[in-house]
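Colleague: Could you take a close look at one part of this model for me? I'd like to hear how it sits and what is around it.

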Amino acid sequence: MFPHFEEVHMLVKKTVREFVEKRVEPNARRIDQGWYPRELLREMGALGLLAPHAPPEYGGPGLDFRSMVLVVEEVAKSSPALATIAEVQGAMIVYNLMHYATSEAREKWLQPAVRGERIIAFALSEPCCGSDAFSLETKAEKRGGSWVINGTKLWITSGMYADAFLVAARTGSPEEKHKTVTLFLVERGSCVEVTPVAVMGVRGTGTAEVKFRDCEVGDDAVVGGVNGAFKVVLDDLNNGRMCVGAIGLGIAQGAVREALSYAKKRRAFGTTIVNFQAVQHHLASVVAQIEAVRGVVYTAAYFRDKGSELFPLYAQVAKYLGSRLAVDAARTAMQIMGGYGYSTDSKVEMLYRDAKATEIYEGANEIILNTIFRLFEKHET
């Protein structure tokens, strides 16, 4: 048992591992071919795996973010795409509704979101603004008693199939950047237009461009208060980046498992290639990185649960190291497996494509390094 973890966390790990073996692994390739796994999300919700930190009154098991990290890590070993959808829904959307939504919004959306019965997409990035998120151009204007939202969002996970969208919109002067951005919960309807976006990896996530055309919502749809998006989004991104570190950890373990299995069967020069020291060193190097990153990811989750001021720093480090590990491990596994690893018949080929996304989404790694430096400098001074 890893430090900072208790018996309940091992039970969570056992439950999610059994679910992955029975339901996720058999459908992993189907998801990669474009199938949006809504039924698996519902099953995860029923098992308490979609938002483990949600309390019983909202349909969750009342656990913590250490449990959330274990869930996405295990799922990512088989399907990083499903793990990505789950972490956005659980670690970001559900958390937001619990802590920042109005009572009306919580009453309508929270329990269905925890159970996976309703999917809510996080709509922040725009064609103009990815890393520079608070330069967004989507606008929300007060007209009478309603807010009217217009704008375009891009790269939105679950955008094709979401029942609602948590939309970041400008509610004041663009010159004030993050000080005039507000989050709104917008239900899918005729004012919402979605267009699929083809992506290299994490296919099956329903990635989309989403256009909002005169979408009207009331004050009860505001999440985090008018002009209060900055704090909510920071919480979102820290939770999400910690979970991306766990996804990277899962991808790396899945890749090593595939490479080791192959190396024990593939024969060359009179023996199986697992007996070659070069292959052993490749695998050992990745295993060493996995265990190092595991420590960072799990410690980040522990700090999150304990409310430590070190959590934001560890969340960034988990994301940065976990994503680099995912890419390195998948590349190494493919090298060991040679031509077969490069073929689309190989699971490692899928993991390699999926791994690259972890260096980009939830904050490109260059932005993560900027944040790590700022947080490091803050703690040092």
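Modeller: Sure, and keep in mind that this is a predicted model. Let me begin with Pro-174: at 49% relative accessibility it comes out as partly exposed, because that class runs up to 50%. Pro-174 belongs to the loop that links β4 (164-170) with β5 (181-187). Going from Pro-174 to Pro-196 takes you 22 residues along the chain, and their C-alpha atoms end up 29 Å apart.

For contrast, turn to Asn-365, which is part of helix α11 (residues 365-380). Asn-365 has 7% relative accessibility, so it counts as buried, the cut-off being under 20%. Its side chain has polar partners: the Asn-365 side chain makes a polar contact with that of Lys-319 at 2.8 Å, and another, at 3.0 Å, links the side chains of Asn-365 and Ser-323. Leaving out residues up to four places away in sequence, Asn-365 touches Lys-319, Tyr-320, Ser-323, Arg-324, Thr-358 and Glu-359.

Then there's a helix pair. Helix α4 (residues 65-76) and helix α7 (residues 229-265) have axes that come within 7 Å and cross at roughly 35°, and the crossing is right-handed. On the α4 side, the residues in contact are Phe-65, Met-68, Val-69, Val-72, Glu-73 and Ala-76. Facing them from α7 are residues including Met-242, Cys-243, Ala-246, Ile-247 and Leu-249. Sorted by type, the residues of this α4–α7 contact are eleven nonpolar, three polar and one charged.

Key
Residues are numbered from 1 along each chain as its sequence is written. This is a predicted model: local features need pLDDT of at least 70, side-chain atom pairs count only at pLDDT 80 or more; totals for chains, interfaces and linings use all residues. Side-chain values use heavy atoms; hydrogens and water are left out. Axes are lines fitted to C-alpha atoms, for helices over the stretch in contact, and angles run from 0 to 180 degrees between N-to-C directions. Helices (H or I, at least four residues) and strands (E, at least two) are DSSP runs, numbered from the N terminus. A crossing is left-handed if the near helix is turned anticlockwise from the far one by less than a right angle, and right-handed if clockwise. Contact means heavy atoms within 4.5 Å. Ala, Val, Leu, Ile, Met, Phe, Trp, Tyr, Cys and Pro count as nonpolar, Asp, Glu, Lys and Arg as charged, and the others, Gly among them, as polar. Buried means under 20% relative accessible area, exposed over 50%, partly exposed in between (1.4 Å probe, protein chains only). A polar contact is a pair of N or O atoms within 3.5 Å; within protein, one must be able to donate a hydrogen and the other to accept it, and residues adjacent in sequence count only if both atoms are side-chain atoms.
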